[in-house]
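Here's a quick walk through a ligand site and one helix. Have a look at the model first, then read on.

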Amino acid sequence: MKAVVYEKYGSPDVLELKEVEKPAPRDNEVLIKVHATTVTSGDCRIRALNVPVGFGLISRLVFGVFRPKQQILGSELSGEIEAVGKDVSKFKPGDPVFAMGGFGMSCYVEYKAMPADGLVVLKPANLSFEEAAAIPFGGTTVLDFFRRGKIQHGEKALINGASGGVGTAAVQLARHFGAEVTGVCSTANLELVKSLGADKVIDYTKEDFTENGETYDIIVDTVGTAPFSRCKGSLTGKGRLLLVLGGLPDMLQAPWVSMTSSKKVIAGPAAERAEDLHFLAKLADAGEFKPVIDRRYPLEQIAEAHRYVEKGHKKGNVVITVEHNNKKEEL
Ligand SMILES: NC(=O)c1ccc[n+]([C@@H]2O[C@H](COP(=O)([O-])OP(=O)(O)OC[C@H]3O[C@@H](n4cnc5c(N)ncnc54)[C@H](OP(=O)(O)O)[C@@H]3O)[C@@H](O)[C@H]2O)c1
């Protein structure tokens, strides 16, 4: 089968389309025929080992000191169940699903084998495969941060970077949890962010939200421009700053902020949970959550997609479509 492999860290040029062995599902696994995957900001970070301040050494220990231990990137996918192991009763061949690669990543592939009781769930019928592939990365990140930040109905939430992959999920999910949402984005994305349910939008090219006198119970920073030092005055008395993009110093500062004030800083990697994927699928089914798709590229042009994504200005998600050439597969 085809897969996109990278054998060294670097620019998008390190990504190579290669033939690799098609996996066979173990007894407890499903084999997914992949229809779509995505290029996330996280994929670009790992490919280039371009990580937030202070995480350089830790990242090398996790992903490989000199070269990547896991040579196939990709955080999320959608597709159809092709085959199931003998102990699997939850899925059957033909079921449409979406899934998260978890620590093993490896979603830039034509087929993926993974545990049936892991990060794989049925695709909501009202979403395309392309939309479903883009559910997990932004959706699970936001759910984890909102859980840790204890978002409440009626609270005021501000999303900095409201038009990105995480931001577009955050706007929709904050609305779902009953928050009054303000989205911060550039002029070109104001309408998009409003259309996702933001009550207010702030154009960061014209207004600095930390200077307008408003306060928020929750501030989500997906950009790295709203550290505690800059936005503590914009948090209410018990306000929580959710640093989706934060460096090691921000993480280390978090306990100190909690000890010395009633405000909180929450940072660090988000947990990936199967129950969150189920929750997101239910919300999508109910029409309350729909991933935003910016661009689509075929698997063969994935390096182009990486070049676009790492500019840091995508609107929602960038999808990779995976075409299956049946004749080739039979050979
Ligand atoms: N902690 C975790 O576990 C975790 C999980 C997922 C992601 N992340 C991190 O979160 C970050 C965001 O991820 P993403 O996938 O959402 O990235 P993304 O899709 O590239 O979005 C970034 C967004 O930031 C906006 N932006 C750029 N400059 C801005 C500014 N000065 N003020 C406000 N918005 C601005 C861009 O909008 P414009 O085009 O309008 O400028 C763009 O929509 C990444 O760095 C990623 O590594 C962390």
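The ligand is surrounded by 25 residues, and R45, S186, Y204, A270 and K314 are the closest of them. Keep in mind that this is a predicted model.

What is the shell made of, class by class? Polar residues number 14, alongside nine nonpolar and two charged ones. As for where they sit, three helices each supply at least two residues of the shell: α1 (41–48), α4 (136–149) and α5 (165–176). Of the elements involved, α4 gives the largest share, with three residues.

Now for the polar contacts. Here are three that involve an oxygen atom of the ligand:

| Residue | Protein atom | Distance to a ligand oxygen |
|---|---|---|
| G164 | backbone N or O | 3.1 Å |
| G165 | polar backbone atom | 2.8 Å |
| N189 | polar side-chain atom | 2.9 Å |

How much of the ligand does the protein bury? On its own the ligand exposes 930 Å², and the protein buries 86% of that.

Over to helix α8, which covers residues 248–260. From the first C-alpha to the last, its 13 residues reach 19 Å, close to the 18 Å you'd expect at 1.5 Å a residue. Still, α8 isn't free of bends: there's a kink of about 30° at A254, shortly before the proline P255. A254 is also buried, as are D250 and V257 in this helix. So at A254 in α8 you get both the kink and a buried residue, going by the cut-off of under 20% relative accessible area.

How values were computed
Residues are numbered from 1 along each chain as its sequence is written. This is a predicted model: local features need pLDDT of at least 70, side-chain atom pairs count only at pLDDT 80 or more; totals for chains, interfaces and linings use all residues. Side-chain values use heavy atoms; hydrogens and water are left out. A residue is near a molecule or strand if one of its heavy atoms lies within 4 Å of it. A polar contact is a pair of N or O atoms within 3.5 Å; within protein, one must be able to donate a hydrogen and the other to accept it, and residues adjacent in sequence count only if both atoms are side-chain atoms. Accessible areas come from the Shrake-Rupley method with a 1.4 Å probe; for residues, only the protein chains shown count as cover. Helices (H or I, at least four residues) and strands (E, at least two) are DSSP runs, numbered from the N terminus. Ala, Val, Leu, Ile, Met, Phe, Trp, Tyr, Cys and Pro count as nonpolar, Asp, Glu, Lys and Arg as charged, and the others, Gly among them, as polar. The expected span of a helix is 1.5 Å times one less than its number of residues. The bend at a residue is the angle between axes fitted to the seven residues ending there and the seven starting there. Buried means under 20% relative accessible area, exposed over 50%, partly exposed in between (1.4 Å probe, protein chains only).
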